[in-house]
Amino acid sequence: MTLKHEMHNRLAEKGLCYIKGKVISSIDEGLDFYVSESLKKVVIKPIYSAGSTNVRICLNREEVKESLENSFKNVNRFGENISQILIQERIGGVEYIVNNVSQEGIPRVTTIWKYNNIKTSEGANVYNTIETVNELNMGEAEMIEYAYKVISAIGIKYGPVHAEYMIDDKGPVLIEVNCHPMGGDIPADFLNQISGQHETDSTLNVYLKPKTFHVSLKKKILAICLWYNKIIYCKRKFTIILTF
């Protein structure tokens, strides 16, 4: 789950929408891919890492070259030297988090979040806040259907899945996925309020209480995310400000 290129290889094998990219071992390889594919915006990231460590968005050939030079001199999230980099087409649109738990290959949505980005004076898009998605529009419903197929394609049968997706004019596409619950620096009690459940309980039910998992599967989990809780979140949004 930390091999960022393999996620999209699995999607391609299953005929699902994926992001065009290539694993490179040198700056020249990266520049050749950028030029040959006639790309405008690309993302570069270590193939083995986590989070946004050494992830760069490049808008032209000069930025690609500079970012690759810096990345090959740097280390990944785990302190290891970077020898291979994934260069991918940059996908625009609206970015989402979809959290699931799976039991015997059957996934269940726990929470859905949408990023709100802002544009800096230099023209860059950066994360500002995130908000819960409590009612699905057509594109978001399509994203959930796609997310279930992603989980199956990658081969996740048990436990939590935290994934980030983008919806553009072509529909939903996976950015990255990993086998862990959402959390980070967000207080657990606050997440419990928002989702009406505890992420740890949801995961443990997969292994220890499968009947409880299937009961929860039949419930309209998103309906539990009351508007009142969403207001509380908005008032406390400073707790999870994402602006860099």
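Disulfides are absent from this predicted model, the count being zero. Two cysteines can be placed by their accessibility: C17, at 38% relative accessibility, counts as partly exposed because buried residues have under 20% and exposed residues over 50%, and C179, with a relative accessible area of 36%, is likewise partly exposed.

A further cysteine, C58, belongs to a nonpolar core of 13 residues, which also includes L39, V42 and I87 and is separate from the largest one. The largest nonpolar core has 28 residues, and within that core the most contacts are made by I112, M143, Y146, Y165 and L174. Several elements build this core, with at least two residues each supplied by the helices α1 (4–13) and α4 (138–154) and by the strands β5 (94–103), β6 (106–119), β8 (159–168) and β9 (171–178). Among these contributors, α4 provides the largest share, namely eight residues.

L174 gives a view of this core from a single residue. Once its neighbours within four places in sequence are set aside, L174 is in contact with M7, H8, L11, I19, Y146, V150, I154, A163, E164 and Y165. Two of these partners, Y146 and Y165, are themselves listed with L174 among the residues that have the most contacts inside the largest core.

Polar side chains can also be followed into the interior. N100 is found in strand β5, and its relative accessibility of 2% makes it buried, because that value is under the 20% limit. Apart from neighbours within four places in sequence, the contacts of N100 are R108, V109, T110, Y148, I151, G159, P160 and V161. H162, which lies in strand β8, is buried as well, at 13% relative accessibility. With the same exclusion of sequence neighbours, H162 is in contact with I97, V98, N99, E176, V177, N178, H180 and M182. T110, one of the contacts of N100, is separated from H162 by 52 residues in sequence, while the C-alpha to C-alpha distance between T110 and H162 is 10.0 Å.

What remains is an open region of the model, the second largest pocket, whose volume is about 260 Å³. Its lining is formed by 14 residues, and those lying nearest the centre of the pocket are Y18, E89, I91, D168 and K170. By residue class, the lining of this pocket divides into seven nonpolar, six charged and one polar. Strand β9, already met as a contributor to the largest core, gives the most to the lining of this pocket, with three residues.

Definitions and conventions: Residues are numbered from 1 along each chain as its sequence is written. This is a predicted model: local features need pLDDT of at least 70, side-chain atom pairs count only at pLDDT 80 or more; totals for chains, interfaces and linings use all residues. Side-chain values use heavy atoms; hydrogens and water are left out. A disulfide is a pair of cysteine sulfur atoms within 2.5 Å. Buried means under 20% relative accessible area, exposed over 50%, partly exposed in between (1.4 Å probe, protein chains only). A nonpolar core is a set of buried Ala, Val, Leu, Ile, Met, Phe, Trp, Tyr and Cys residues joined through side-chain atoms within 4.5 Å. Helices (H or I, at least four residues) and strands (E, at least two) are DSSP runs, numbered from the N terminus. Contact means heavy atoms within 4.5 Å. On a 1 Å grid over the protein atoms alone, a cavity is a set of points where a 1.4 Å probe fits but cannot get out, and a pocket is an open set with protein on both sides within 12 Å along at least five of seven lines; lining residues have an atom within 4 Å of a point. Grid points are joined across faces, edges and corners, and a volume is the space filled by probe spheres set on the points. Ala, Val, Leu, Ile, Met, Phe, Trp, Tyr, Cys and Pro count as nonpolar, Asp, Glu, Lys and Arg as charged, and the others, Gly among them, as polar.
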